[in-house]
Amino acid sequence: MKITITAFERSPDGGMGLARDTRVRWALEEAGQPYAVRPVSFAAMKQPAHLALHPFGQIPTYEEGGLALFETGAIVFHIASRYPGLLPDDADARARAITWIFAALNTVEPPILELATAKFAEGDKPWSKERLPLIADRIRHRLGQLSAHLGDVEWLDGTFSAGDLMMASVLLRVRPSGILDEFPRLAAYVARAEARPAYQRAFADQLAFNTRSPTGG
Ligand code: GTB
């Protein structure tokens, strides 16, 4: 069944791979599934046609036959459940891998998003200077715990899974701040994830998409 996802018409990061369509592209590459990408402008995201797919007017969305999904956690979980390669067969190992998807989104990503909001949406507020180091320390606390858990193993729970895909995607978001590099084990973990051929293809495709000429050539 044909898979179509949506992405920013042109990502504000110019193709650094930080917009959330990259994690969906990556999951589809790991699963060996071809897909099409429909660009959506900021204005179109808030129009009824897109809101019918995504109630919050965001990207990415995922369409497959009659199924339409939003939320990258749900999309990646769906891909990992429907296609082989991203979740172990053993039921307990599968449950643990799914736990890491939730941990990435619910425990590690929130302070990272808070930092982005504080920098880019609230950077001009008088209290911003005092708030930023507090958020950075909350991130450091979480990354310290994650790094201690990871130790010197390659992936979070045995073989690479959708849990690692989501965790690495979340950690990539904090790398530009320099905080990730304070945790060499996590920096190496992310580098291992980025070296996967599926990630490389996903990254290259989103870069080409975000740097294509306006005429589509
Ligand atoms: N919880 C949702 C999910 O995981 O799918 C969050 C989706 C979301 O935040 N989508 C963002 C969006 O559509 C794009 S990814 N924003 C437009 C809007 O809300 O109007 C967030 C993002 C945007 C830009 C960069 N960047 O340029 O570096 C990185 C990440």
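Which element gives the most to the lining of the largest cavity? In this predicted model, the answer is α7, with 3 residues. The results below start from that cavity, move to the pockets, and end with helix packing and backbone geometry.

The structure holds 1 cavity of 30 Å³ or more. The volume of the largest cavity is about 90 Å³. Its lining includes a run of neighbours in sequence, Gly-17, Leu-18, Ala-19 and Arg-20. Thr-22 and Arg-23 also line the cavity. Further along the chain, Ser-169, Leu-172, Arg-173 and Tyr-199 complete the lining. Two helices, α1 (21-30) and α7, each supply at least two of these residues. By character, the lining residues of the cavity divide into 4 nonpolar, 3 polar and 3 charged. Domain 1 (3-85 + 198-210) and domain 2 (91-196) both contribute to this lining, so the cavity lies between them.

The largest pocket has a volume of about 860 Å³. A total of 33 residues line this pocket. Those nearest its centre are Leu-18, Ala-19, Arg-20, Leu-113 and Arg-173. Leu-18, Ala-19, Arg-20 and Arg-173 also belong to the lining of the largest cavity. Three elements give two or more residues to the pocket lining: α2 (42-45), α5 (91-120) and α7 (162-174). The largest share comes from α5, which provides 9 residues. The lining of the largest pocket comprises 19 nonpolar, 6 polar and 8 charged residues. Where does the largest pocket lie with respect to domain 1 and domain 2? Both domains give residues to its lining, so the pocket lies between them.

The second largest pocket encloses about 160 Å³ of space. Arg-20, Leu-113 and Arg-173 line this pocket too. The other lining residues are Ala-116, Thr-117, Phe-120 and Ala-121. Here α5 again gives the most, with 4 residues. The lining of the second largest pocket divides into 4 nonpolar, 1 polar and 2 charged residues. Arg-20 and Arg-173 therefore recur, since both line the second largest pocket and both lie among the residues nearest the centre of the largest one.Helix packing was examined next. Two packed helices are described by the angle between their axes and the distance between the axes. The axes of α4 (residues 72-82) and α5 come within 11 Å and cross at roughly 160°. That angle makes α4 roughly antiparallel to α5. The crossing of α4 past α5 is right-handed. Helix α4 also packs against α7, and their axes come within 10 Å. The crossing angle of α4 and α7 is roughly 150°. This makes α4 roughly antiparallel to α7. The crossing of α4 and α7 is right-handed.

Two backbone features remain. Most residues other than glycine have a negative phi, and most peptide bonds are trans. Against that background, a cis peptide bond joins Ile-59 and Pro-60. Its omega is about 0°. Pro-60 sits in the loop between α3 (48-51) and β3 (61-64). Glu-71 is not a glycine, yet its phi is positive, at about 75°. Glu-71 is placed in the loop between β4 (67-70) and α4.

Methods. Residues are numbered from 1 along each chain as its sequence is written. This is a predicted model: local features need pLDDT of at least 70, side-chain atom pairs count only at pLDDT 80 or more; totals for chains, interfaces and linings use all residues. Side-chain values use heavy atoms; hydrogens and water are left out. On a 1 Å grid over the protein atoms alone, a cavity is a set of points where a 1.4 Å probe fits but cannot get out, and a pocket is an open set with protein on both sides within 12 Å along at least five of seven lines; lining residues have an atom within 4 Å of a point. Grid points are joined across faces, edges and corners, and a volume is the space filled by probe spheres set on the points. Ala, Val, Leu, Ile, Met, Phe, Trp, Tyr, Cys and Pro count as nonpolar, Asp, Glu, Lys and Arg as charged, and the others, Gly among them, as polar. Domain bounds come from an automatic or database domain assignment. Axes are lines fitted to C-alpha atoms, for helices over the stretch in contact, and angles run from 0 to 180 degrees between N-to-C directions. Angles under 35 degrees count as roughly parallel, over 145 as roughly antiparallel, 65 to 115 as roughly perpendicular and the rest as oblique. A crossing is left-handed if the near helix is turned anticlockwise from the far one by less than a right angle, and right-handed if clockwise.
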